[in-house]
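User: I would like to go through this model step by step, with the reasoning behind each value. Please take the questions in turn.

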Amino acid sequence: MIVLGVESSCDETAAAICSNSKILSSIVSSQIIHTKFGGVVPELASREHELLLNTIVDEALTVAETQKKDLDGIAVTRGPGLAGTLLAGVCFAKGLTQGLQIPIIGINHLEAHIFANFLADPALEFPFVCLLVSGGHTQLWLIEEMSNYTLLGTSRDDAAGEAFDKGARILGLGYPGGPEIEKLGESGNPDAVDFPRAFIKDDNLEFSFSGLKTALLYYMDSNKKKNNCTIEDIAASYQQAIIDVLVGKLVLAVHKSNVETCVIAGGVAANKILRKTVENHLSSTRVLYPDLSLCTDNAAMVAYLGELYLHKGVSSAMDFDIDPNLQLA
Ligand code: KG4
Ligand code: ZN
């Protein structure tokens, strides 16, 4: 089976070809138009997707040495994400499907992030716990089998990626903030500033990052000069506060669920210190995370999951809709 994946839930225009669970091509174009605004401008993002989709899909087909007529199906992200950008991808995919007379499947972006771990290791076995950390979500999931997911915990307010992005803005860094803070923090002292770690000592699986962001804002306003900390120290300490909470709750979730494997998924999973800290704290658990390029938004994960569903005979009706607030369970 040969499946085209299309991803346009936010500011990455992406297409990929998956055949028999192997990724033959994966093209991602990150829209740089938003950099000067310090965040994604939805209307601009939708227009960029419309301009780029055709070219990106053609590139994915060329790299995979495949033609449109060889495709057996199309998988496209239907949510969650920005309404306009999701519509751009879904309308494009529907048009192509109709012309080619092949099945289409609308994919949950969060589920695709989790399943990117099967691309890291096809031998990954259920059940496992997943720490899903993206720009819009910070959640812990028990993944028992395909389509059987239990939410163990979530954030009461901001997501971890959002905390990175908002923190970066406070520090005067660029967007997206995660990679910027990680890079700056490399030469900083993570113990320099004692930022708050919400619920860290509580026996629950809840997260909260809005207080941390406010603490950074206050720190920058009042304490910076007094304490003699460098911007690198502040970035490293802020990052460490986020990571400590994520890892603390993941360890608790693994122990409560009694599983042998855990995975990390979503853009924040690209953070090297997060990956290392999880491994250090869960040395007797199998820890898995996708390649860097498969952590942030991409269409390979969409094509892979789409092929799994299409293979089982599951597809979407032609009139399926986008869902900007789509949940996983
Ligand atoms: O999964 P993703 O690409 O898009 C969403 O589905 O939201 O995640 C984007 C988020 C952004 O908040 C970005 O700052 C964060 O992932 N991110 C990182 C790193 N790379 C991306 N956060 C921390 N460290 C990184 N290296
Ligand atoms: Zn994502």
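Analyst: One cut-off is needed before the first question: a residue counts as buried under 20% relative accessible area, as exposed over 50%, and as partly exposed in between. The model is a predicted one.

User: Does Ser284 count as buried or exposed?
Analyst: Ser284 sits in the loop between α8 (272-281) and β10 (286-288). Its relative accessibility is 75%, and because the cut-off for that class is over 50%, Ser284 counts as exposed.

User: How far apart in space are Ser284 and Ile114, C-alpha to C-alpha?
Analyst: Along the sequence, Ser284 and Ile114 are 170 residues apart. In space, the separation of Ser284 and Ile114 from C-alpha to C-alpha is 21 Å.

User: Which residues coordinate the zinc ion (ligand 2)?
Analyst: The donors of the zinc ion (ligand 2) follow the spacing H-x3-H-x183-D along the chain, and the coordination distances are 2.0 to 2.1 Å. Water is not among the atoms, so a site of this kind may look incomplete. With that reservation, the coordinating residues are His109 (NE2), His113 (NE2) and Asp297 (OD).

User: How many residues apart are His113 and Asp297, the pair that links distant parts of the chain?
Analyst: The zinc ion (ligand 2) has both His113 and Asp297 among its coordinating residues. His113 belongs to helix α3 (residues 109-120), whereas Asp297 belongs to the loop between α9 (292-295) and α10 (300-311), and the pair is 184 residues apart.

User: Are His113 and Asp297 buried or exposed?
Analyst: His113 has a relative accessible area of 1%, and Asp297 has a relative accessibility of 15%. Because the class in question takes values under 20%, His113 is buried, and Asp297 likewise counts as buried.

User: Which residues does Gly79 touch, not counting residues up to four places away in sequence?
Analyst: Gly79 lies in strand β4 (residues 73-79) and is buried, with a relative accessible area of 0%. One of the residues that Gly79 touches is His109, which also coordinates the zinc ion (ligand 2). The full set touched by Gly79 is Leu86, Ile107, Asn108, His109, Asp323 and Leu326.

User: What kind of peptide bond joins Gly79 and Pro80?
Analyst: Pro80 is found in the loop between β4 and α2 (83-100), while Gly79 lies in strand β4. Most peptide bonds are trans. Omega between Gly79 and Pro80 is about -10 degrees, and the bond that joins them is cis.

User: Where is Pro127, which a cis peptide bond joins to Phe126?
Analyst: Omega of the bond between Phe126 and Pro127 is about -10 degrees. The place of Pro127 is in the loop between α3 and β6 (128-133).

User: With which residues is Leu110 in contact, leaving aside neighbours within four places in sequence?
Analyst: Leu110 is in helix α3, and at 2% relative accessibility it counts as buried. The C-alpha atoms of Leu110 and Val302 are separated by 9.8 Å, although the two residues are 192 residues apart along the chain. The contacts of Leu110 are Pro80, Leu132, His137, Gln139 and Leu326.

User: What is the phi of Ser21, and what is that of Phe199?
Analyst: Most residues other than glycine have a negative phi. Ser21, in the loop between β2 (12-19) and β3 (22-30), is partly exposed, with a relative accessible area of 33%, and Phe199 is found in the loop between α5 (177-185) and α6 (210-227). Both have a positive phi: for Ser21 the value is near 70 degrees, and for Phe199 it is about 60 degrees.

User: What is the radius of gyration of the protein?
Analyst: The protein has 10 helices and 10 strands. For 329 residues the globule rule gives 20 Å, and the protein comes close to this, so it is as compact as a globular protein of that length, with a radius of gyration of 20 Å.

User: What percentage of the residues in the protein is buried?
Analyst: The surface that the protein exposes is about 14,300 Å², with 50% of it supplied by carbon and sulfur atoms. Of the 329 residues in the protein, the buried ones make up 53%.

Conventions: Residues numbered from 1 in each chain as written. Chains lettered and ligands numbered in written order. Predicted model: local features only at pLDDT ≥ 70, side-chain atom pairs only at ≥ 80, totals over all residues. Heavy atoms only, no water. Donors = N, O, S within 2.8 Å, 3.2 Å for Na, K, Ca; no water. Helix = DSSP H or I, 4+ residues; strand = E, 2+ residues; numbered from the N terminus. Buried < 20%, exposed > 50% of the residue type's maximum accessible area, 1.4 Å probe, protein only. Rg over C-alpha atoms; globule rule 2.2 N^0.38 Å. Areas by Shrake-Rupley, 256 points an atom, 1.4 Å probe, with all protein chains shown as cover. Contact = heavy atoms within 4.5 Å.
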